[in-house]
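Subject: A structure for you to explore

Hi there,

Here is the structure I promised to pass on to you. Please open it beside this email and find each residue as you read.

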Amino acid sequence: MDIRPILITLSRHKTASLLIVLEIALSCAIICNAVFIISNRVAELQLDSGVANDELVYLATSSLLPDVNMDALRKQDIQALSSLPGVKAASSINQVPYGSNVWGSDVRLDPDQSRPTAHASLYMDDGQLLQTFGVRVIEGRAFNADEYLENSAFDPNKVGLSVPAIILSRSLAQTLFSGQSAIGKTVYVWGEKQPPSPVVGVVNDLMTPGESGTFANRYHTMVFPIRVSNGAYALRTTPDQREAVLTAAVAALHASDPNRIIEQKDTLTQMRADFHRRDRAVIWLLLAVCIALLAVTAFGIIGLASFWVQQRTKQIGIRRALGATQRHILRYFQVENFILSGAGIVLGLLLAYGLNMLLMSRYELPRLPLSYLPASAIVLWILGQIAVFGPARRAAAIPPAVATRSA
């Protein structure tokens, strides 16, 4: 089909053609980036925490007494919590997936590195952490009894004192020692100019707390054999007993120390839902924006095509009288829309890339994968063809006699 007559016709309607091209371009740029953001948020929602989400409850407390012995109180609390009906394991913890506390450390393979090899989150094990979280050692071993330290007696800034042993997550082990076993290797962590710490075990991936972007990899985590006494506890029970265990745990903690405040008590499932509330809100908002933009673009194409059908009634009648079939008329409008959509899409893809660069610099959004560009182009081309089909079909159905008479 010769497209020269189509281009000549479009050149006579520059303003209308330009408006529809710009509309398609803006829709392409915004939708392309919106879908990319949605896919990132959905991927974040689907991340596995690495712990027994449906079996864990979390409590955070603080004592009103200024001189309380936190180490002694921790031992007393763990004993009381472990003895509660339905509790499989209890651990004094420093952080939990989906929690607000975030502990981290640079990881170096050589003490003289100017830049760390990785930045990882730290989980402190009091001897029951792995059992409580449901984390399995997949290589090496768990900590020995003589490797545990009290956090109150450990100063990472004191030269000469290192973490006695370290367990790495699988992802961190692969990052640090790609293609090799991490067991027996040494790393430099948590403090300046400290002796190296040996890696004794590797566990399945364990999620870092904090928002996406806090760590380069959400599964870069380490476990230290250090007992913390900051009033935070994780309890493992069965899914149906979580609320009952939470109530009993609060009562037990108040019984052991009436002068304490329960700052937070939650199931990990609820913490996960709260943690991802903003992600879900962003997803629904962007979905609404995408649907609205697609609808506006489709109605714009339909409106313009319908207007042009009315304006070209005489032209359509003359072409029909000269032998053009309904199929020719239908194809004419579809090709015309394809050209306009193509121009809008090319411009839109350039705008989409530029918008992604802006989002990367302002909001640390990842680079837009090239696969999103052709996918967006195909969707908008299909949308354009569907939108123009109705007006084009009505134009093709106009009898030649009626078309020429109405002119």
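Below is what turned up, grouped by topic.

Please keep in mind that this is a predicted model.

**Salt bridges**

There are eleven salt bridges in the structure. A good one to begin with joins Glu44 and Arg218, whose closest N and O atoms are 2.1 Å apart. Glu44 belongs to helix α2 (residues 14-45), while Arg218 sits in the loop between β9 (197-203) and β10 (221-224), so this pair ties together parts that are 174 residues apart in sequence. Glu44 is buried, at 11% relative accessibility, and Arg218 is buried too, with a relative accessible area of 9%.

Next, look at Arg260 and Asp77, which meet in a salt bridge with an N to O distance of 2.8 Å. Arg260 is in strand β13 (residues 260-267) and Asp77 in helix α3 (residues 70-82), so here the parts tied together are 183 residues apart in sequence. Are these two residues buried or exposed? Arg260 has 6% relative accessibility and counts as buried; Asp77 is buried as well, with a relative accessible area of 0%.

Arg141 and Glu147 form another salt bridge, with 2.8 Å between the closest N and O atoms. In this pair Arg141 is partly exposed, at 31% relative accessible area, whereas Glu147 counts as buried, at 10%. You can also look for a network of salt bridges that links Asp71, Arg74, Glu150 and Arg227.

**Aromatic rings**

The count of aromatic pairs comes to five. One of them is Phe338 with Trp381: the ring centres are 5.1 Å apart, with 10 degrees between the planes. Why does this pair count as stacked? Planes under 30 degrees apart count as stacked, and the angle here is 10 degrees. Phe338 comes from helix α10 (residues 326-363) and Trp381 from helix α11 (residues 372-396), so the pair links distant parts of the chain, 43 residues apart. Both rings belong to partly exposed residues, with relative accessible areas of 44% for Phe338 and 25% for Trp381.

Elsewhere, Lys185 lies over the face of Phe177, 5.8 Å from the ring centre.

**Cavities**

How many cavities of 30 Å³ or more does the structure hold? There are two, and the largest has a volume of about 100 Å³. Its lining includes Ile20, Trp308, Phe333, Glu336 and Asn337. Helices α8 (277-311) and α10 each supply at least two of the lining residues. By type, the lining divides into eight nonpolar residues, one polar and one charged.

Enjoy exploring!

Methods
Residues are numbered from 1 along each chain as its sequence is written. This is a predicted model: local features need pLDDT of at least 70, side-chain atom pairs count only at pLDDT 80 or more; totals for chains, interfaces and linings use all residues. Side-chain values use heavy atoms; hydrogens and water are left out. Rings of Phe, Tyr and Trp (its six-membered ring) pair if their centres lie within 6.5 Å; planes under 30 degrees apart count as stacked, over 60 as edge-to-face and the rest as tilted. Helices (H or I, at least four residues) and strands (E, at least two) are DSSP runs, numbered from the N terminus. Buried means under 20% relative accessible area, exposed over 50%, partly exposed in between (1.4 Å probe, protein chains only). A charge sits over a ring if NZ of Lys or CZ of Arg is within 6 Å of the ring centre and within 35 degrees of the ring normal. On a 1 Å grid over the protein atoms alone, a cavity is a set of points where a 1.4 Å probe fits but cannot get out, and a pocket is an open set with protein on both sides within 12 Å along at least five of seven lines; lining residues have an atom within 4 Å of a point. Grid points are joined across faces, edges and corners, and a volume is the space filled by probe spheres set on the points. Ala, Val, Leu, Ile, Met, Phe, Trp, Tyr, Cys and Pro count as nonpolar, Asp, Glu, Lys and Arg as charged, and the others, Gly among them, as polar. A salt bridge is a side-chain nitrogen of Lys or Arg within 4 Å of a carboxyl oxygen of Asp or Glu.
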